[in-house]
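Hi,

Here is the structure I said I would pass on. Have a look at it first, and my notes come right after.

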Amino acid sequence: MRELKLCSILFIVLCALAPVAGGVPLELIVMVDTSNSMERYFDDLLEYILSDILKKNLHPGDTFHLIRFSAYPVHELTQIISDEESTDTIIREISFLKSKLFFGKYADILGALEYLILYGEGLSKRHNKKLLMLSDFIHNPAPDSQYAGISLEDLENELSRQARIIREREGWSIHFVR
């Protein structure tokens, strides 16, 4: 387990945080770990999303995306910010998230990052992408995951590969909150 945490730290270090240029619409993609190990932190995470992320990062013309993951990623919400009602919709959906959520047994960090990259690639090329992953970064994939049972060396290689993909994207930044 300690080695997996070291790998996640390595991944964070390898990801260059490119600044996002002003004036270009932003696609803010928030990915939240909903595995069992995150349950005790979940209220704080929701408060962080509501109080800090929404208020400090989104402006009219931007788009907010919410994805949760444990064994597999699930898209929860996409909302274009046009007025205060748009933000209210996001707040309402996030507030209801915990009540409809079952925390999962597994957490596939690599699968979630892969999904996050593919999801971001499917969005408008004209918009900057700010990817925000909220997790304890304990990689514990489901038995049917392509990343189940991989060696520490393979885990490090895959983290490096995904970091390279993110670093190469123009207008992309990625941030990790542990």
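Below is what I found, starting with the sheet and moving on to one of the helices that pack on it.

Keep in mind that this is a predicted model. The sheet is open and has five strands in the order β3-β2-β1-β4-β5, with mixed pairing. β3 and β5 (172–177) sit at the edges, each pairing on one side only. Ignoring direction, neighbouring strands are turned by 15° against each other on average. Over at the β3 edge, β2 and β3 run antiparallel with seven bridges between them; in one of these, Ile67 is partnered with His75 of β3.

Two helices to look at on this sheet: α2 touches β1 (26–33), β2, β4 (128–134) and β5, and its direction makes about 175° with that of β1. α3 touches β2 and β3, at about 155° to the direction of β3.

I spent a bit longer on α3. This helix covers residues 84–97, and at 1.5 Å a residue its 14 residues should span 20 Å; the end C-alpha atoms are indeed 20 Å apart, so the two agree. At its N-terminal end Asp83 acts as a cap, with a side-chain oxygen 3.1 Å from the backbone nitrogen of Glu85.

Which residues of α3 are buried? They are Ser86, Thr89, Ile90, Ile94 and Leu97. Looking down the helix axis, these buried residues fall within an arc of 125°, so they line one face of α3. Their cover includes α2 (42–57), β2 (63–69) and β3 (73–80). Glu84 and Glu85, on the other side of α3, are exposed.

Cheers

Methods. Residues numbered from 1 in each chain as written. Predicted model: local features only at pLDDT ≥ 70, side-chain atom pairs only at ≥ 80, totals over all residues. Heavy atoms only, no water. Helix = DSSP H or I, 4+ residues; strand = E, 2+ residues; numbered from the N terminus. Expected span 1.5 Å × (residues − 1). Buried < 20%, exposed > 50% of the residue type's maximum accessible area, 1.4 Å probe, protein only. Arc of directions from axis to C-beta. Contact = heavy atoms within 4.5 Å. Polar contact = N/O pair within 3.5 Å; in protein donor to acceptor, adjacent residues only side chain to side chain. Pairing = 2+ DSSP bridges. Axes fitted to C-alpha atoms, helices over the stretch in contact; angles between N-to-C directions.
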